[in-house]
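Reader: I am new to this structure and should be grateful for a close look at a single part of it. Please choose one helix, describe it with care, and then place it within the whole.

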Amino acid sequence: MDGQTFFTAEELKQLLVLYKKLIRMTGDTLLIDDFHRVKSFYQTHATTENLPRNVFGMNPIIRDLQTSLIAVEEMGLRRAFILSIMLHHAVQYNLYRIEDIEKDFGEDVAKIIRGLVRINELYAKTPNIGSENFRNLLISFSEDMRVIMIMIADRVNLMRLVKDNDQQEAKERLSNEAAFLYAPIAHKLGL
């Protein structure tokens, strides 16, 4: 996959706008090296590796930038959160080793990413996400409430992005997940 087919022309424009906005909003939080490392990683791997789009056809890098902006603007989250959001797909799809994340960005970021990867594995194994048991499993698998906060920001982003999408069944699944799983957790966290 090359960069031209991975990003549509519209996505390339959107990528630049989101990237600049994230830099502006997090200038006091993220280090310049953080931005450069993430950017160069994705410039290299988005053109040579397979980062799948979700059921709605969304580009994962664009979606992660949007989720990062929600985390910063609406939840006040900072460096470890943003880097974890931006890099967890790379670890999940074996493009970046967790040991390298820890070396490049610190133990804090690596810990959050481990939790995000574990939760994604839990989703793959468990079909019934609407139960209290799954909610408890989700919290225990995350090992860190920051992981849950990222998942909430991601679901908020997804809900906003898919409201006009034609994939009705996937939208209903997402809505049920938000209503039965993430809304009660967000309420408990005071979000």
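Author: The part chosen here is helix H5, which covers residues 79–92. The model is a predicted one, and every value below is computed from it. At 1.5 Å a residue, the 14 residues of H5 should span 20 Å, and the C-alpha atoms at its ends are indeed 20 Å apart, so the expected and computed lengths agree. The helix nevertheless has a kink of about 40°, centred on Met86.

The surroundings of the helix come next. Of the 14 residues of H5, 12 are buried, and the helix is therefore largely enclosed by the rest of the structure. The buried residues run from Ala80, Phe81, Ile82, Leu83, Ser84 and Ile85 through Met86, where the kink is centred, to Leu87, His88, His89, Ala90 and Val91. The enclosure involves several other helices: the buried residues of H5 pack against H2 (9–26), H3 (32–45), H4 (60–73), H6 (98–105), H7 (107–125) and H9 (145–162).

One residue of the helix, Leu87, deserves particular attention. Leu87 is among the residues with the most contacts inside the largest nonpolar core, together with Ile101 and Leu138; this core has 53 residues. Leaving aside residues up to four places away in sequence, Leu87 touches Val38, Phe41, Tyr42, Tyr96, Ile101, Phe105 and Ile113. A second core, separate from that one, has 6 residues, including Phe56, Met58, Leu158 and Val162. In soluble globular proteins, nonpolar side chains tend to be buried together.

Contacts of H5 can also be followed from residues outside it. Asn120 lies in helix H7, one of the helices against which the buried residues of H5 pack. Asn120 touches His88 and Gln92, again not counting residues up to four places away in sequence. With a relative accessibility of 22%, Asn120 counts as partly exposed, because buried means under 20%. Asn120 and Arg155 are 35 residues apart in sequence, and their C-alpha atoms are 13 Å apart in space.

Thr29 offers a view from the beginning of H5. This residue is found in the loop between H2 and H3, and Thr29 touches Arg78 and Arg79, with residues up to four places away in sequence not counted. Its relative accessible area is 15%, so Thr29 is buried.

After H5 comes Asn94, which has its place in the loop between H5 and H6. The phi of Asn94 is near 60°, a positive value in a residue other than glycine. At 70% relative accessibility, Asn94 counts as exposed.

It remains to place the helix within the whole. The protein has 10 helices and 0 strands, and its pattern along the sequence is α-α-α-α-α-α-α-α-α-α. A compact globule of 191 residues would have a radius of gyration near 16 Å, and the protein, at 16 Å, agrees with this. Taken along the principal axes, the C-alpha atoms fill a box of roughly 40 × 40 × 30 Å. Buried residues account for 47% of the 191 residues. The accessible surface comes to about 10,000 Å², and carbon and sulfur atoms contribute 52% of it. Among contacts between residues at least 6 apart in sequence, 71% join residues at least 24 apart.

Methods
Residues are numbered from 1 along each chain as its sequence is written. This is a predicted model: local features need pLDDT of at least 70, side-chain atom pairs count only at pLDDT 80 or more; totals for chains, interfaces and linings use all residues. Side-chain values use heavy atoms; hydrogens and water are left out. Helices (H or I, at least four residues) and strands (E, at least two) are DSSP runs, numbered from the N terminus. The expected span of a helix is 1.5 Å times one less than its number of residues. The bend at a residue is the angle between axes fitted to the seven residues ending there and the seven starting there. Buried means under 20% relative accessible area, exposed over 50%, partly exposed in between (1.4 Å probe, protein chains only). Contact means heavy atoms within 4.5 Å. A nonpolar core is a set of buried Ala, Val, Leu, Ile, Met, Phe, Trp, Tyr and Cys residues joined through side-chain atoms within 4.5 Å. The radius of gyration is taken over C-alpha atoms; the globule rule is 2.2 Å times the number of residues to the power 0.38. Accessible areas come from the Shrake-Rupley method with a 1.4 Å probe; for residues, only the protein chains shown count as cover.
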